[in-house]
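Me: Please take a close look at one loop position in this structure, and then work outward from there to the parts of the chain around it. I would like a single connected account.

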Amino acid sequence: MGNRRQAFERILTAALLSVLPAVAYAETCRDDVLELRGDWGQARFQVEVADDPDERAEGLMHRPTMPGSAGMFFVYDRPHQVSFWMRNTLIPLDMIFLDQAGVVQHIHHEAVPLSEESIFGGDAIQYVLEVNGGLSRALGISVGSEVRHPAISPGDAKWPCG
């Protein structure tokens, strides 16, 4: 019953996020909010930022749930080769790998909880967004989608804060 409820909550959240009016995206960029856009529409997530080695190592480990509109945004100092795993992570996640400009380069859908399999994100990745598993497909997020967040340098950003 719990898995069906979680799936229902993810689908409901995805539906709500996909129909938010454009004015909801007009506010100034904030550290705790990340926005995505693409041919599929726009979405907004409340995020925790993991921008130092300890925060990135801990990630979303040991959490039994995460709200449907939440995520974790991993920020690195420079683009590099990135791999993740799900050790001690209890919930399925979509991992969205972004380049220096905040453009989606790869999506790993529904990473298996507790797996130690290495998930390769790409060679020139500077940011990674983790959201509840299944949300990327439900919303239509795809390679080429753009992210807006203050951690992405305005000079590099495809969709800068402004």
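Reply:

**The serine site and its surroundings**

A polar atom in the side chain of Ser 145 lies 2.8 Å from the backbone oxygen of Ser 142. This is read from a predicted model, and the description below should be taken in that light. Ser 145 sits in the loop that runs between α3 and β7. Is Ser 145 buried or exposed? Its relative accessibility is 1%, and because buried means under 20% relative accessible area, Ser 145 counts as buried.

Which residues surround this serine, once neighbours within four places in sequence are set aside? Ser 145 is in contact with Arg 37, Gly 38 and Trp 40, and also with Gly 102, Val 103 and Val 104. Several of these names can be placed in the chain. β1 spans 33-38 and β5 spans 104-111, while Gly 102 belongs to the turn of a hairpin formed by β4 and β5.

**The hairpin**

Five residues separate β4 from β5 in this hairpin, and Gly 102 has a positive phi of about 80 degrees. The two strands pair in the antiparallel sense, over five bridges. Among the partners, Leu 93 is bridged to Ala 111 of β5.

**The strand that follows the serine loop**

The loop of Ser 145 leads to β7, and a charged residue of that strand can be followed next. Arg 148 and Glu 35 meet through their side chains in a salt bridge, with N to O at 2.9 Å. Arg 148 belongs to strand β7 and Glu 35 to strand β1, so that this pair links distant parts of the chain, 113 residues apart. Both Arg 148 and Glu 35 are buried.

The count of salt bridges comes to five. Another of them joins the side chains of Arg 30 and Asp 32, again at 2.9 Å from N to O. Arg 30 is partly exposed, with a relative accessible area of 35%, and Asp 32 is partly exposed as well, at 30%. A further salt bridge brings together the side chains of Glu 116 and Arg 87 at 3.1 Å, N to O. Glu 116 is in the loop between β5 and β6 and Arg 87 in the loop between β3 and β4, so this pair ties together parts 29 residues apart in sequence. Glu 116 counts as partly exposed at 48% relative accessibility, and Arg 87 counts as partly exposed at 31%.

**The disulfide**

How many disulfides does a search of the whole structure find? The search finds one, and it joins Cys 29 to Cys 161 with an S to S distance of 2.0 Å. The link of Cys 29 and Cys 161 is left-handed, with -100 degrees about the S-S bond. Why does this pair tie together parts far along the chain? Cys 29 lies in the loop between α1 and β1, whereas Cys 161 lies in the segment after β7, so the parts joined are 132 residues apart in sequence. Cys 29 counts as buried at 18% relative accessibility; Cys 161, at 31%, counts as partly exposed.

**The nonpolar cores**

The strands already met also contribute to the largest nonpolar core, which has 21 residues; Leu 36, Phe 45, Phe 73, Ile 96 and Leu 129 touch the most other members. Two or more residues of this core come from each of β1, β2, β3, β4, β5, β6 and α3. Leu 129 may serve as an example. Setting aside residues up to four places away in sequence, Leu 129 touches Leu 34, Leu 36, Phe 45, Val 47, Met 72, Phe 73, Asp 94, Met 95, Ile 96 and Leu 98. Separate from this core is a second one of 18 residues, including Leu 60, Tyr 76, Ile 125 and Val 128. In soluble globular proteins, nonpolar side chains tend to be buried together.

**The chain as a whole**

The protein chain comprises three helices and seven strands, in the order α-β-β-α-β-β-β-β-α-β from the N terminus. Of its 162 residues, 44% are buried, and Ser 145 is counted as buried. Among contacts between residues at least 6 apart in sequence, 71% join residues at least 24 apart.

Definitions and conventions: Residues numbered from 1 in each chain as written. Predicted model: local features only at pLDDT ≥ 70, side-chain atom pairs only at ≥ 80, totals over all residues. Heavy atoms only, no water. Core = buried A, V, L, I, M, F, W, Y, C linked by side-chain atoms within 4.5 Å. Buried < 20%, exposed > 50% of the residue type's maximum accessible area, 1.4 Å probe, protein only. Helix = DSSP H or I, 4+ residues; strand = E, 2+ residues; numbered from the N terminus. Contact = heavy atoms within 4.5 Å. Pairing = 2+ DSSP bridges. Disulfide = S-S within 2.5 Å. Polar contact = N/O pair within 3.5 Å; in protein donor to acceptor, adjacent residues only side chain to side chain. Salt bridge = Lys/Arg side-chain N within 4 Å of Asp/Glu carboxyl O.
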